Amino acid sequence: MTDFLNALVALTNFVIVPGMAYGAQLALGALGVTLIYGILRFSNFAHGDTMAFGAMATIFITWTFQAWGISFGPLPTAILALPFAIMITALVLLGTDRVVYRFYRRQKSDPVILVIVSMGVMFIMNGIVRFMIGVGDIRFSDGERFIISARDFKAATGLKEGLAIKTTQGITIVTAIIVVAILFWFLNKTRTGKSMRAFSDNEDLALLSGINPERVVMVTWIIVGALATVAGTLYGLDKSFKPFVYLQLLLPIFAAAIVGGLGNPLGAIVGGFIIAFAEVTITYPLKKVLGYLLPESLEPDGLVQLLSTDYKFAVSFVILLIVLLVKPTGIFKGQSV
Amino acid sequence: MTESLRTPLLFALVAVLIIGTGIFQDWNVALLLLNYGLISAIMALGVNLQWGFAGLFNVGVMGFVALGGLAAVLISMPPVTEAWAEGGARTIGGLLIGAGAIVATIFAQRKFQGRLKLWGTIAVALIGFFLFRAVFDGGVAAVEAVNPAGTGYLGGLNFGGENYKEWGFMALVAWPVGGLIAAGAAWVIGKVALGLRSDYLAIATLGIAEIIIAIMKHEDWLARGVKNVNGLPRPVPYELELQESATFVERANALGFDAVYASNLFTKLLYTGYFAVVLLILLWLAQKALNSPWGRMMRAIRDNEVAAEAMGKDVTARHLQIFVLGSAICGVAGAMMTTLDGQLTPGTYQPLRFTFLIWVMVIVGGSGNNFGAILGGFLIWWLWVQVEPMGLALMNFITAGMPEGSALKEHLLDSAAHMRLFTMGVILLLVLRFSPRGLIPER
Amino acid sequence: MSEPFLIGDTMTGGYGKGPDILHDCTIAVNPGEIAVIVGPNGAGKSTAMKAVFGMLEVRTGSVRLDGEDITSLSPQDRVIKGMGFVPQVRNIFTSLTVEENLEMGAFIRKDDFKDTMAQVYDLFPILKEKRLQAAGELSGGQRQQVAVGRALMTQPKVLMLDEPTAGVSPIVMDELFDRIIEVARTGIPILMVEQNARQALEIADKGYVLVQGRNAHTGTGKELLADEEVRRSFLGG
Amino acid sequence: DGHSEIKMGVILGFTGPIESLTPPMADGAELAMKEVTDSGLLLGGSSVTSVRADSTCIDAGAATAAAERLVSADGVKGIMGADCSGVTGAILSNVALANGMVMISPSATSPALSSPDDNGLFFRTAPSDARQGVVMTEVLMEEGIMEVAVTYTNNDYGKGLADSFQAAFEAAGGTVTISAAHEDGKADYSAEVGALAAAGGERLVVAGYVDQGGAGIVRSALDTGAFDTFHFPDGMIGASLSEQFGDEIEGSTGQVPGTDSPGVAAFAELVGDAFDATSPFTPESYDAAALIMLAMQAAGSAEPADYVSKIEMVANAPGEQIFPGELAKALQILADGGDIDYVGASAVELVNGGESAGNYRQIVIEGGEISTVKFR
Amino acid sequence: MIVVENLVKTFGGFRAVDGASLSIEEGTITGLIGPNGAGKTTLFNVIAGVLSPTEGRVTMQGEDITGLPPHTLFDKGLLRTFQIAHEFSSMTVRENLMMVPGGQSGEALWNAWFGRKRIADEERALLAKADEVLEFLTIDHLKDEKAGNLSGGQKKLLELGRTMMVDAKIVFLDEVGAGVNRTLLNTIGDAILRLNKERGYTFVVIEHDMDFIGRLCDPVICMAEGKVLAEGTLEEIKANEQVIEAYLGTGLKNKDQVATA
Ligand SMILES: Nc1ncnc2c1ncn2[C@@H]1O[C@H](COP(=O)(O)OP(=O)(O)OP(=O)(O)O)[C@@H](O)[C@H]1O
Ligand SMILES: Nc1ncnc2c1ncn2[C@@H]1O[C@H](COP(=O)(O)OP(=O)(O)OP(=O)(O)O)[C@@H](O)[C@H]1O
Ligand SMILES: [Mg+2]
Ligand SMILES: [Mg+2]
């Protein structure tokens, strides 16, 4: 029995909990990407750096709070700073739209032009963030680090295996659920939400229905700013803040958004978890788990690993390919421009 | 500005940029820029073929470029005889078994019926997989054990022996082979993924490119993985040889050049010649194709696949054709680039540099227009390299008035390197602002 | 003659920087009236409608609504002023459900629009059946019904329809015309383009024949139907 | 003339995957230049200025172009760099060799770079990996550790080190349960840590960079309770290791190039708060720049062709030992025709035609701080 | 010529075509009518290979063509137009037509590079043909216009024009008349008759304009709810109670009030 529990805990600790947390992080990022795709109809390459920018804003405000002696009990101070950072990020995004994207929207440019334009924005944001906060690692989490730490868990249960759940992991998962619920409700049930979908569908007709396109765009960017800031901050809290990593996050984020069906919020969430779990499970060696479960004589010598971690990226992309081949527009029917 | 004047003027601008680099910096820098610019232009041409002609959103350029690079190693490096002796046969045998297993699996899937279909197929696949691993792993281990710090791989097909470096022409052979390997991969990928629409195809190709790179990084027996292969033979003489050759020194001096300087210029010029020939041939082919009924058919397919299909055009086959062609061009460019670098470094293949930068070239230049893509290739490459000193100069200018040693000044100067991407972004936005359809738009 | 309720007065204009499509074209409609525009393909009928709705630049001439010059208003502002429009193509939100399409029609309304929606469903029963289906999955005629339904949801002060009956079955066409008449009877002016010109002119108070962007013939529906040349050249004999 | 300006190229990956490591490296090199310039002793009072260039770490084309510009347009007399071995190789074969330019890399450790055809122009102040693998084995064996898991950064440094360690460790009777690569700069390392934990081992060897994936792995391993003690090779040892993890990694071990010499301390003191003196490869960068300038002084010329032969001479015994902050003294000795043995911040000793000989300082984490156990 | 047996096409749970069986005789102009959403377009799409049937079989001249891709069917002489115009919007009107004929030697890359002469000849012939068709459709003044800029009706004409570029055996016309001026539609009707008589084309015509159907079609098939409701001459169909109720209706109710108002 304890062996079975040990196996279960090991699997939970190294596969399920990290998979959930990473999945939620990807999902939050993918939500932003998918929203821009769904409503403004382009793949926003600047999203990774927008997340970095949002996280940076949070960090600066957190530092200010810490300097003032404000804290948030067991939770990270950064959570308190979030609303302010969201405001700043949203303002920056609105400014960017005004200066950059609006022109191409009015021109009715090809989406691919907007993709390249967003790369330009990405370069600029990239420069600004590095200029303002530098390129190094920054840790800004405070408060309780763990909900359960591996050591406490072992002490409490007497098991050989530990189970750790970090506060940030908990917050990330909870936030992801709340955010997607709100977003889903907003887009499908509110007038503004529906008008946003209408705008993305047929801009001219939206105009004829009295929908104000500028307002739709504005609301979109504000939501995206909020999503990016939340995603960037939660990610930074969980790992650490380093601008370059946000650029690298872009790839799995897009993969998540696409596998779930571009433009579909629910898809972004599911996609995030699929990518995360693909990376974690396929490369997880079952040696230890089997060691607990099987009688001594049958214990495996090798790692019992399907594929080495070297190929973890490859694995997630293979899964992505398989999903797309079976459902060519993602799991939840996405759009394509 | 009229359309017909615009193209030559823009190319003249690029010429001015490169010549200006020669005058204000150095001719070596200018020629180097030109050489990489030629390669970039070829890659842009390949992507333009796929996107501009057929609307295929291939974001896996990096993978094909890397395969081209792999060809440069597999063709122009000498075989590692010891590695072949130790595990060559077993490795190749393993690969053949692997290929056989795939064929058998497909066969089983087609031929088995009923309940046998699923389980039989899985069984065949599993047996094949284990057989493959059993043979292959041992071979790989043997090959990689041969002097891992220096070789540890099978090597290539250059049979020049000790003097393999003198067989520089093997590098030239590697270029078309790079195209072929890329084309082969593109064919397989196209068969699988071309049914996908726009952005879904994009992420699929992006993923496949990552998989290709992952393989190149981890399969040391193939091309040393992340340990890199250095010192590839090249189709031009070595500068040092020239510097030691009395006739060359004499001629250089007669022309008023220092021998070292002249040798550098000379080798670069030779590369320029090779690359320019390749580019011109490909441009000629692309132009002819674009302006023929074939090009018209492709544009129709890009415009509306459903209608094109109803008008009797085999959209799938045409997509596959152009996907293979465009990828092959990227493969050729990749092989050329690896030859020019003199080494294969799988770690350098990053999507930002080898996929998205190429896309920027195509879009800024003007997609659907071969001249646009080529112009974009030169221009963006020039900027990519030259924004660095530009950013630095900008920062120096800004900080010129500040007191020595002030914290702000330090900070600004330290950030100068990041102004590189920043400047790139600003220029990109400015260009696209003033010609949103690219510098030389499609007709 | 007093100023009509809605008038596009001697409009000249075209798309973007292109040539003029409309040349001194005048189109007007009064409350309770149905005005029908007919003419060959490419005559500029849709263009005239778009010009009245502010979707392309009118270079000379003006558009006036209820005596007010609205030439420089944006389409959205015209919607707020009470104008409703069904374009000829791309006239539904394909990814929204039928019901959401109708809701979007009522976007500017602040009051409860349940009744109007029920009326639309009464008019086009098939839409009620398909109300939760994406509009893009409908048949051609069903889409057309959604498009008209969307415009009706606005409860506009003036309704503009560009070929509302294209592709709908005879029975639906009859009902549509019936409904249009009903709407007109409530005092709402209706301006429409039709290729089913004979049926349309039969119910029209006013008819315009456009040829190459110019007013070629103008008269009551009856007059135009009676005009031998109009019949032969534009109404298919 | 006595007051000319000598330019030295500093080519490092200021943007790209190791952008967080390079600023202190460049600062280190420039510190040496400033020290020399301030002394006014180099070649009768020449000043040395640094010209930075971005190697991007990943883009051989851009790096080659940048290096070409340094050499031909800016006219630098020596190159401190590059960092990542891919671009280093490209610059070496395409620019340095062709122009007879001297390059000293502070961080390229790949054995592949010590090929015989560098024409004697290429040097490095970081030791090659082969030796470190052996040292690492000795350290672990003495601690009584027989079973470890290994993770390495997926480049030639990490892979080379992991390979040479595994060979040495297994030859000595130890077991490597798993040797798994990790990519730097990625978002998440749960999969790697999961695999490492499942494979198990008494200690986790992290052959990565402290500012990169290495830290991510350690963080994740600690958080999940997979490992509590680690072994760190050189790339992982720097101030940010103790800053980030402190006593969480109590009892972990490691080794960095270094000797019993006071060089490290002297360097730290010299740097003060200006930048992080213990960041990976920062002392090596200072040393690389210093070596070039000292060789120039010894040769009495700033031309690479003239001073290249003097580099090993100033770096190795015999002669007076030179530590960081003593460059003025060294210049004076050389000017007077004396001989020096440059020790510097990283105990430089060049062997085999330009490689660092590799003396190591064994460290342990005690009370959350890095402390030295002994030298090997 | 074409035999459809028991065809079913479902979308999700919805049976858009629900066991329709019909046959189209060679040399006829068959009219296909039915209420909106009856499944006419879906039936076309299944026959033309755009959609694959859920059940059932389609044969053409005895050969099973179920599930063949559209381009193969095109080569077999089966052409169709789209109810919602599918023009190549960024190409000129003339190019829209010139791209249609299959087997152009210039469509092979090799010829594009090295067979200039042959292509030039072919192109000249194509150009002449395209101009002829454009003239017929009264849109020859627009030949160099981008097809995307055409008016709604003009796009429909272009749809039709494409089928006139090649020698087809059977042509499916999906509401070519909707949005087309009635005078022009008469001319189009003439052309269809002529192609039918002189060249032996078989036509299947979906149309809601009874005058048009009446002038051209015999027999007429009426579909409703995915099934074939009635078949026969137009007169027979018009007299069919079910057809009147589901499709034709009984005319305007409000007509008199307004006309006199
Ligand atoms: N892709 C789809 N998904 C779901 N339902 C569909 C789809 N396409 C068509 N339908 C449904 O199938 C039915 C038949 O559509 P079809 O287009 O064949 O009608 P039709 O007879 O051509 O009508 P019309 O005369 O209006 O063109 C309609 O009720 C439509 O809503
Ligand atoms: N977006 C556009 N850009 C440029 N020209 C256009 C555009 N739309 C239409 N045109 C041109 O304007 C002319 C008038 O078009 P319009 O759509 O007004 O015709 P219409 O009378 O509505 O014809 P139909 O009965 O076929 O709908 C046509 O010649 C057409 O080619
Ligand atoms: Mg129209
Ligand atoms: Mg239909």
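Start by selecting B:Glu239, which sits in helix α9 (residues 239–244) of chain B. Keep in mind that this is a predicted model. Is B:Glu239 buried or exposed? B:Glu239 counts as buried, at 6% relative accessibility, because the cut-off for buried is under 20%. Now show what is in contact with B:Glu239, leaving aside neighbours within four places in sequence. From chain B you should find B:Arg234, B:Ser263, B:Asn264 and B:Thr267. The list also holds a residue of chain D, D:Ala98.

Next, select chain D together with chain A. Their contact takes 32 residues from chain D and 35 residues from chain A. Between them, the two chains bury about 2,800 Å², with 56% of that on carbon and sulfur atoms. How many salt bridges are counted between chain D and chain A? The count is four. To look at one of the salt bridges, select D:Asp223 and A:Lys166, whose closest N and O atoms are 2.9 Å apart. Across this interface there are also seven residue pairs in polar contact, with both residues at pLDDT 80 or more.

Stay with the side of chain D that touches chain A, and colour β7 (175–182), α6 (190–199) and α7 (213–223) of chain D. Each of these elements supplies at least two residues of that side. The largest share comes from α6(D), with nine residues. Sorted by character, the residues on this side of chain D are 14 nonpolar, 10 polar and eight charged.

Move on to chain C and select helix α3 (residues 98–105). Seven of the eight residues of this helix are buried, so the helix is mostly covered. The buried ones are C:Val98, C:Glu100, C:Asn101, C:Leu102, C:Glu103, C:Met104 and C:Gly105. What covers the buried residues of α3(C)? The cover includes α4 (114–123), α5 (125–129) and α6 (140–153) of chain C. From chain A, α6 (167–189) and α7 (191–201) are also among the covering elements.

The last stop is the magnesium ion, ligand 4. Which residues coordinate the magnesium ion? They are E:Thr41, through OG1, and E:Gln83, through OE1, at 1.8 to 2.1 Å. E:Thr41 lies in helix α1 (residues 40–47) of chain E, while E:Gln83 lies in the loop between β6 (78–80) and α3 (93–98) of chain E, so the pair ties together parts that are 42 residues apart in sequence. Compare their surroundings: E:Thr41 is partly exposed, with a relative accessible area of 23%, whereas E:Gln83 is buried, with a relative accessible area of 13%.

Key
Residues are numbered from 1 along each chain as its sequence is written. Chains are lettered from A and ligands numbered from 1 in the order in which they are written. This is a predicted model: local features need pLDDT of at least 70, side-chain atom pairs count only at pLDDT 80 or more; totals for chains, interfaces and linings use all residues. Side-chain values use heavy atoms; hydrogens and water are left out. Contact means heavy atoms within 4.5 Å. Buried area is the accessible area (1.4 Å probe) that two parts lose on being put together, summed over both. A salt bridge is a side-chain nitrogen of Lys or Arg within 4 Å of a carboxyl oxygen of Asp or Glu. A polar contact is a pair of N or O atoms within 3.5 Å; within protein, one must be able to donate a hydrogen and the other to accept it, and residues adjacent in sequence count only if both atoms are side-chain atoms. Helices (H or I, at least four residues) and strands (E, at least two) are DSSP runs, numbered from the N terminus. Ala, Val, Leu, Ile, Met, Phe, Trp, Tyr, Cys and Pro count as nonpolar, Asp, Glu, Lys and Arg as charged, and the others, Gly among them, as polar. Donors are N, O and S atoms within 2.8 Å of the metal (3.2 Å for Na, K and Ca); water is not among the atoms, so sites may look incomplete. Buried means under 20% relative accessible area, exposed over 50%, partly exposed in between (1.4 Å probe, protein chains only).
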